[in-house]
Amino acid sequence: MAGKARADGAQGGRPDEPGASDADHPGVSDSERLLFGGPLRYDTGWNQHSDAFLELNFRAMITRLPALLSASLRLARQADRRATRAVIAAETGRGAAQAVSLLAVNSVLGRLLAGGPIEDRLRDAAPALTTVAAVALLSALLRAASTYATGRLEPKVERVATEQYLQRAASVELTAIEDHAFHKLLDTAQYGAASARRMISYATHVVNAMISLVAAASVLTVLHPALLPLLVTMTLPSAWSALTIARRRYESFHAWVQHERAGRLLASLLIEPEAAPEIRVHGVGPFLLRHFRSMSETAEAEQARLARLAARTGLIAALWTGLATVATYATLGGLLLTGSMALSVAGTAVIAIRTGSANLDTLVVEVNALHEEALFVGDLQRLHSEAETRLIPVGGTALPAAPREIRFEDVSFTYPGEHPDSRGKPRRPALDGVTLTIPLGKIVALVGENGSGKTTLVKLLAGLYTPDKGRVLWDDVDTATADRHRLAERIAMVAQDFKRWPFTARVNVAVGRSSAPLTENRLAEAVREAGARSVVADLPRGLDTLLARHFSGGHSLSGGQWQRLGIARAAYRGGRVLIVDEPTAALDARAELEVFERIRSLAGTGQTVVLITHRLASVRHADLVHVLDRGRLVESGTPDELLASGGVYAELYALQAEQFTAVAERLPTSEAG
Ligand SMILES: Nc1ncnc2c1ncn2[C@@H]1O[C@H](COP(=O)(O)OP(=O)(O)OP(=O)(O)O)[C@@H](O)[C@H]1O
């Protein structure tokens, strides 16, 4: 199945069913076959998920409903208690008003169809008629009250649900965010907040329809017990059809959510400024557009499949309802003909049947809509419970106030999941039995070829991951049991791909310590320390320049300028341990020297610097160098010791030095030429 559009389709036309050939799937267009593993094998890499399918059946849907309903009630109460109470009271009142109204109509009909002069009959019916009018007025007032309270409640519910969603997303471990299954849950659950909002009005309609239905059903039972089951038979088919269609839609949504996300990503790639140069120079536009169209066409085929099934289900239900309606009215006719029912009672029965079946229809439609929304709110709840198990722990052992060293003891770490290029083969460990020491207050450099595990090591150091095996110790305190928030407070990090926030330059620096109020002096000092003063001076509005080019008034920075702001951010944070991953990759030669000079002076102030760099000439001022190779520590020592030992470091150093020597040797010749 590798290289095919796994789980990017739904049942029927789904391209991910085991053992199915492409020919079985009319939903998969030729271009998509190319995208996901045809002759060109232009696999964009989004098709590697195979989720366990949802277990949904009719009974499960019904039994889950109360729990989901109460969840939405809980949300509503969290959002606004008073408005929730007002909605419940108004809807209950409206339902009761309908029951009273039906009974009053029954009484009106009874009086009008009784014997005696018409004046007397009208006079007798007058109180009941007044009740009908009063109840109608009350009902209108309650409806207005409910509309107002619901309108107030809905946006609040959405806000509370969204906040809970975002809060969960921000407080889980990095491994959860990087886990594709959890990410899919984040994807689907984002619709839960809007669904929770919509559930409120559906829930009010359900409450209202249920009470009205109970009223109509009670009146019918009193009139004749045979009429009630017939009413139920009339409405069951629409219930079945609506729930079946909803279930299919939901299943399809789950199967296609990744596809949909990929489609949106393709569309956004076509318009994002960062991709624009390459799209034009490499002509990537038509490629992306072709795949966007192919993905959209596949999604359209799924929509068509759902529509076809919905039409068929609707037809079957309509046939069934028609037969039940005929049976109901035939029964009523039979009762009249045999004299088992008076004409006035039959009149009320017709009204009750019409009201009852209208209520049942409403109930079915609203319960169905409620159920559909509840399924998405259910995703939100699943996210909450899943996030609960993956939260960054709060509290823990205190770290020593003035530790001497950080020690990695036989640390191994493997990224979760399979190796992306191999079928079912587990990933190789990114770190494998690493034992090393980081003395605090010194400059420690991590060196090694691409993929040797340097970034992974500093992520473990920062507490972003915990080791699968071994320990990371601050003196004698194991970071696995330490207070993670306190640990993070001691770390400042300029990651390789540090975030370029679409905010002002000021915020981009101060976000390094967003929990404390912004201090201008500290900010100026951080900008100076990072050598970013010239960068800020060149900005049209200095620190207040918006660094988001696609916004009006936005400005863009070069990679090197950004890098200095990143360093300023870490300096502003002022953690005890400063981790810098490739700090000079985008800097010119002069800036590089300057940055290393500053990094050295930071160590002079007692800050520990953990430096990852490929520029070995810059490492010569480090107090200690650890060399990694394929996840293992292969050498440790001062730069001079490592050069003298003639190992991996010396070899890499010689390779870099050779390049300069070769160029230097060629220079006079080329100048002469
Ligand atoms: N988030 C991740 N998920 C899965 N595998 C990862 C992840 N990050 C890194 N890896 C894998 O872990 C191994 C070590 O990567 P790491 O980024 O630590 O190396 P590095 O020494 O910092 O490389 P470079 O010098 O290129 O930055 C690599 O094989 C890489 O593919």
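In which helix is His371 found? I looked this up first and noted that His371 belongs to helix H11, which covers residues 343-389. I record here that the model is a predicted one.

**Entry: His371**

I then asked whether His371 is buried or exposed. His371 counts as buried because 24 C-beta neighbours lie inside 10 Å, and 20 or more are required for that label. I also looked up the separation of His371 from Ile406, which stands 35 residues away along the chain. The C-alpha atoms of these two residues are 53 Å apart.

**Entry: the ligand**

Which residues surround the ligand? I listed Glu178, Tyr415, Ala430, Gly448, Asn450, Gly451, Ser452, Gly453, Lys454, Thr455, Thr456 and Gln496. By character, this shell divides into 8 polar, 2 nonpolar and 2 charged residues. Helix H12, spanning residues 454-461, supplies the largest share of the shell, with 3 residues.

**Entry: the sheet of 6 strands**

I traced an open sheet of 6 strands in the order S6-S7-S8-S3-S9-S10 and noted that its pairing is mixed. Strand S6 (491-494) and strand S10 (632-637) stand at the edges; each has a single partner strand, so one side of each lacks a neighbour in the sheet. From one strand to the next, the twist averages 15°.

I next examined the pairing of strand S3 (residues 443-448) with strand S9 (residues 624-629). These two strands run parallel and are joined by 5 bridges. Within this pair, Val444 stands opposite Leu624, and Gly448 stands opposite Leu628. Gly448 also appears among the residues surrounding the ligand.

How many bridges join S9 to S10? I found 5 bridges, with the two strands running antiparallel. Across this pairing, His626 stands opposite Ser636 in S10. S9 and S10 form a hairpin that has 2 residues between the strands, and Arg630 in the turn has a positive phi of about 45°.

**Entry: the sheet of 4 strands**

I then turned to an open sheet of 4 strands, ordered S2-S1-S4-S5, whose pairing is antiparallel. Its edges are strand S2 (431-439) and S5; each has a single partner strand, so one side of each is left without a neighbour in the sheet.

Strand S1 (residues 405-413) pairs with strand S4 (residues 469-474) over 5 bridges, in the antiparallel sense. In this pair I noted Phe408 opposite Val472 in S4. S4 pairs in turn with strand S5 (residues 477-478), again antiparallel, over 2 bridges. The bridge partner of Trp474 in S5 is Val477. The hairpin of S4 and S5 has 2 residues between the strands, and Asp475 in this hairpin takes a positive phi near 50°.

**Entry: helices on the sheets**

Which strands of the sheet of 4 does H12 touch? I recorded S1, S2 and S4, with the direction of H12 at about 120° to that of S1. H12 also packs on the sheet of 6 strands. There H12 touches S3, strand S7 (577-581), strand S8 (608-612) and S9, and its direction makes about 155° with that of S8. H12 thus packs on one sheet through S1, S2 and S4 and on the other through S3, S7, S8 and S9, and it also contributes residues to the shell around the ligand.

Lastly, I looked up helix H17 (residues 559-573), which lies across S6 and S7. H17 runs at about 180° to S6.

Conventions. Residues numbered from 1 in each chain as written. Predicted model: local features only at pLDDT ≥ 70, side-chain atom pairs only at ≥ 80, totals over all residues. Near = placed C-beta within 6 Å. Nonpolar A, V, L, I, M, F, W, Y, C, P; charged D, E, K, R; others polar. Buried ≥ 20, exposed ≤ 12 C-beta atoms within 10 Å, placed from the backbone. Pairing = 2+ DSSP bridges. Axes fitted to C-alpha atoms, helices over the stretch in contact; angles between N-to-C directions. Contact = placed C-beta atoms within 7 Å.
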